[in-house]
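Student: I've just opened this one up and I'd like to learn how the labels get attached. Can we go through it step by step?

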Amino acid sequence: MTDAPATKPRRGLLGWLADLDDGVIIRTAFYIMLAGCAAVLYIDFRERAEADVSLADSTSDMPQMPILPAFDPDAPQSVPGPAVTSDPETLRQPLSVRLGSGGTLEVTGTIDVGSAARFIAEFESVREYVKRVALDSPGGSVNDALEIGRAIRAAGIETSVAAGALCASSCPLVFAGGTARHAAEAAAIGVHQIYATVSNATLPASLRAAGAAMSDTQKTTASITRYLTDSGVDPALWLHALETPPDRLYYLNTEDLLTYRLATELDK
């Protein structure tokens with residue numbers, strides 16, 4: 001009987017490494033370290049690039065145009081207003097325009113920058129059917145609100161704010177555009193200050209931006225005053241906005257609505 005050939009013992013990773021040339025091991029380790037350094041440098045470069053883009057974004061086009069900040073219906077108020085029954089999440093969405101029943105164009109959500117163009121496009125497509133624009137909005141961009149209000153007035157359409165609906169910040173400017181303006185006694189209609197954001201760049205740049213922002217805010221206030229006057233609304237209404245901080249609302253009661261002629265009719 002012949003002896004079976006001896007089986008070579010299995011060698012693990014350590015055995016395989018022991019057979020390698022020392023130069024191969026050193027070169028391999030070097031390449032791994034080089035790759036690690038490259039990865040760290042890439043991550044650091046990307047973070048620095050993102051920071052530079054963020055800084056560029058924050059300092060470009062200084063100052064930003066004054067706006068009426070969209071009001072958060074869940075924010076605490078020093079003077080509580082009428083109860084808002086609209087869904088807060090719906091109000092926070094960008095402005096939507098939808099033709100409802102009875103010729104009512106339902107305008108709901110935040111007046112974001114560019115919403116005037118969307119409103120006008122939708123309004124023109126259904127204009128022959130529209131009898132009234134119903135508002136439920138926390139406001140937002142003042143320029144867009146003025147443009148929407150002017151479009152409504154030019155078309156000779158009524159506006160309304162229903163009971164439980166919110167028309168805050170720049171939304172009352174849209175409301176003022178109606179040839180007839182119906183406000184429910186339980187509607188929440190409020191105003192507050194315009195504000196402008198200023199970049200936190202170097203101090204001299206910030207000071208220049210602040211001065212320009214103040215100038216733009218005053219121009220915007222003049223535009224609002226002229227717009228309200230042309231709409232038949234007493235511009236003294238805007239004094240309440242100027243006196244009220246951006247994170248609060250001055251709610252217009254039924255007497256205010258009629259005295260300042262913001263509402264031409266009160267509905268139950």
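**How the labels are earned**

Tutor: Sure, let's start with Arg261, which counts as partly exposed at 42% relative accessibility. Keep in mind that this is a predicted model.

Student: What makes Arg261 "partly exposed"?

Tutor: Buried means under 20% and exposed means over 50%, with partly exposed in between. Arg261 has 42%, so it counts as partly exposed. You'll find Arg261 in the loop between helix H9 (254–259) and strand S9 (265–267).

Student: And what is notable about the phi of Arg261?

Tutor: Its phi is positive, about 60°, although Arg261 is not a glycine. Most residues other than glycine have a negative phi. Ser169 also has a positive phi, near 60°, and is a residue other than glycine.

Student: Where is Ser169, and is it buried or exposed?

Tutor: Ser169 is in the loop between S5 and helix H6 (171–175). Its relative accessible area is 0%, and the limit for buried is under 20%, so Ser169 is buried.

Student: What does the whole protein look like in those terms?

Tutor: Its secondary structure comes to nine helices and nine strands. Of the 268 residues, 37% are buried. Among contacts with a separation of 6 or more, 71% are between residues 24 or more positions apart.

Student: Let's turn to helices. Why are H4 and H5 called roughly parallel?

Tutor: Their axes cross at roughly 25°. Angles under 35 degrees count as roughly parallel, and H4 and H5 are therefore roughly parallel to each other. H4 covers residues 115–126 and H5 covers residues 142–155, and the axes come within 8 Å. The crossing of H4 past H5 is right-handed.

Student: Which residues make that contact?

Tutor: From H4 there are Ser115, Ala116, Phe119, Ile120 and Phe123. H5 brings Asp144, Glu147, Ile148, Ala151, Ile152 and Ala155. Sorted by type, the residues of the contact of H4 with H5 are eight nonpolar, one polar and two charged.

Student: Phe119 and Phe123 form an aromatic pair. What makes the pair "stacked"?

Tutor: Two values settle this. The ring centres are 5.7 Å apart, and rings pair if their centres lie within 6.5 Å. The planes are 10° apart, and planes under 30 degrees apart count as stacked. The structure holds one aromatic pair, and Phe119 with Phe123 is that pair.

Student: How far along helix H4 is Phe119 from Phe123?

Tutor: They are four residues apart in helix H4, which means a separation of about one helical turn.

Student: How do you know whether Phe119 and Phe123 are buried or exposed?

Tutor: Phe119 has a relative accessible area of 0%, and Phe123 has 1%. The cut-off for buried is under 20%, so Phe119 is buried and Phe123 is buried.

Student: What about Leu91, buried or exposed?

Tutor: Leu91 has a relative accessible area of 1%, so it is buried. Leu91 lies in helix H3 (residues 88–92). Leaving aside neighbours within four places in sequence, its contacts include Pro73, Val84, Gly109, Asp136 and Leu166.

Student: Where are Ala162 and Ala163?

Tutor: Ala162 is in the loop between strand S4 (158–161) and strand S5 (166–168). Ala163 is also found in the loop between S4 and S5.

Student: Why do Ala162 and Ala163 get the label "partly exposed"?

Tutor: The band runs from 20% to 50%. Ala162 has a relative accessible area of 46%, so it is partly exposed. Ala163 has 47%, so it is partly exposed.

Student: What do they touch, outside neighbours within four places in sequence?

Tutor: Ala162 is in contact with Ala184 and Ala187. Ala163 is in contact with Thr85, Ala184, Ala186 and Ala187. Ala163 and Ala184 are 21 residues apart in sequence, yet 5.1 Å apart C-alpha to C-alpha.

Student: One last label: what makes Tyr250 "partly exposed"?

Tutor: Tyr250 is at 25% relative accessibility, and buried would need a value under 20%. So Tyr250 counts as partly exposed. Its place is in strand S8 (residues 250–251), and its C-alpha is 8.3 Å from that of Gly81, 169 residues apart along the chain.

Notes. Residues numbered from 1 in each chain as written. Predicted model: local features only at pLDDT ≥ 70, side-chain atom pairs only at ≥ 80, totals over all residues. Heavy atoms only, no water. Axes fitted to C-alpha atoms, helices over the stretch in contact; angles between N-to-C directions. Helix = DSSP H or I, 4+ residues; strand = E, 2+ residues; numbered from the N terminus. Parallel < 35°, antiparallel > 145°, perpendicular 65-115°, else oblique. Left-handed = near helix turned anticlockwise from the far one by under 90°. Contact = heavy atoms within 4.5 Å. Nonpolar A, V, L, I, M, F, W, Y, C, P; charged D, E, K, R; others polar. Buried < 20%, exposed > 50% of the residue type's maximum accessible area, 1.4 Å probe, protein only. Phe/Tyr/Trp six-rings, centres within 6.5 Å; stacked < 30°, edge-to-face > 60°.
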